[in-house]
Amino acid sequence: MIENPEFDKYAETYDAALARSLSPTGEDKNYFARGRLRRLAAELKRRGASARSVLDFGCGTGSAAPHIADGLRPERIVGVDVSPKSLEVARREHAATGAEFRLLDDYEPEAEFDLAYTNGVFHHIPVGERARAVAYVLRALRPGGLLAFWENNPWNPGTRYTMSRNEFDADAVMLSPPEARRLLAAGGFQLLRSESLFYFPRQLAFLRWAEPYLARLPLGGQYLVLCRKPDDARPRP
């Protein structure tokens with residue numbers, strides 16, 4: 001799907017670069033990963049939705065796998081990515097999760113996952129390739145399966161600042177929440193919910209109690225678009 005993956009050169013240094021870029025927030029990557037999975041688990045519970053099998057689309061070095069395992073307790077996790085060296089790190093560092101890590105172009109799932117999870121991936125996918133990526137995820141989900149689409153919010157100044165500090169985000173093309181919704185709807189998904197998370201850095205942690213009440217304002221550091229594969233969805237190329 002994407003040739004010459006640039007993330008190969010960051011595979012061994014990814015965590016350190018991410019930590020540097022996030023340092024102004026006062027939090028590390030695990031704080032944000034736990035927050036995403038906690039929010040997602042609550043939404044799945046509210047909907048009575050199953051997550052026995054999870055596709056981690058654009059898994060990179062596999063750092064989401066432990067949080068998916070702890071937060072959702074699926075029977076199967078499969079991470080796919082375009083970077084072979086990142087997948088080597090994922091297999092080495094996260095084998096204990098039981099997750100499988102596969103090269104995207106060598107793995108073609110077909111209607112077998114209850115849930116797809118993707119975080120901060122699409123701003124790295126060339127704009128012209130994004131529809132194909134959405135089609136891949138749609139094919140991977142069983143009818144009625146859900147996609148939890150997390151992205152960095154270009155409307156949040158703090159997010160823009162942290163990304164500007166990160167060398168592997170230098171060529172990123174961010175998606176606004178409306179752009180993400182249009183992309184997913186055009187790809188055949190039914191949109192269910194859109195909300196923001198991560199409004200306050202650690203210095204303002206005393207205000208975080210208000211974040212659930214702000215979720216509908218599209219100004220948090222990241223946003224979620226939760227959507228569903230229709231029961232009668234037809235395969236797309």
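User: In which sense do strand E4 and strand E5 pair?
Analyst: This is a predicted model, where local features need pLDDT of at least 70, side-chain atom pairs count only at pLDDT 80 or more, and totals for chains, interfaces and linings use all residues. Residues are numbered from 1 along each chain as its sequence is written, and side-chain values use heavy atoms, with hydrogens and water left out. Strand E4 covers residues 113–119 and strand E5 covers residues 141–152. Over six bridges (pairing takes at least two bridges found by DSSP), the sense of E4 and E5 is parallel.

User: Which residue in E5 stands opposite Ala 116?
Analyst: E4, residues 113–119, pairs with E5. Opposite Ala 116, the residue in E5 is Leu 147.

User: In what order do the seven strands of the open sheet lie?
Analyst: The pairing in this open sheet is mixed. Strands are DSSP runs of E, at least two residues, and helices are runs of H or I, at least four, numbered from the N terminus. The order of the seven strands is E3-E2-E1-E4-E5-E7-E6.

User: Which are the edge strands?
Analyst: An edge strand here pairs on one side only. The two are E3 (100–103) and E6 (190–197).

User: What does the twist average from one strand to the next?
Analyst: Axes are lines fitted to C-alpha atoms, for helices over the stretch in contact, and angles run from 0 to 180 degrees between N-to-C directions. From one strand to the next, the twist averages 20°.

User: At about what angle to E3 does helix H4 run?
Analyst: Helix H4 is made of residues 84–93. H4 lies across strand E2 (76–81) and E3. Its angle to E3 is about 170°.

User: How far apart are the axes of helix H2 and helix H3?
Analyst: H2 spans residues 29–47 and H3 spans residues 65–72. They pack at an angle of about 35°, and their axes lie apart by 9 Å.

User: Which residues of H3 make the contact with H2?
Analyst: Contact means heavy atoms within 4.5 Å. From H2 come Asn 30, Ala 33, Arg 34, Leu 37, Leu 40, Ala 41 and Leu 44. From H3 come His 67, Ile 68, Gly 71 and Leu 72.
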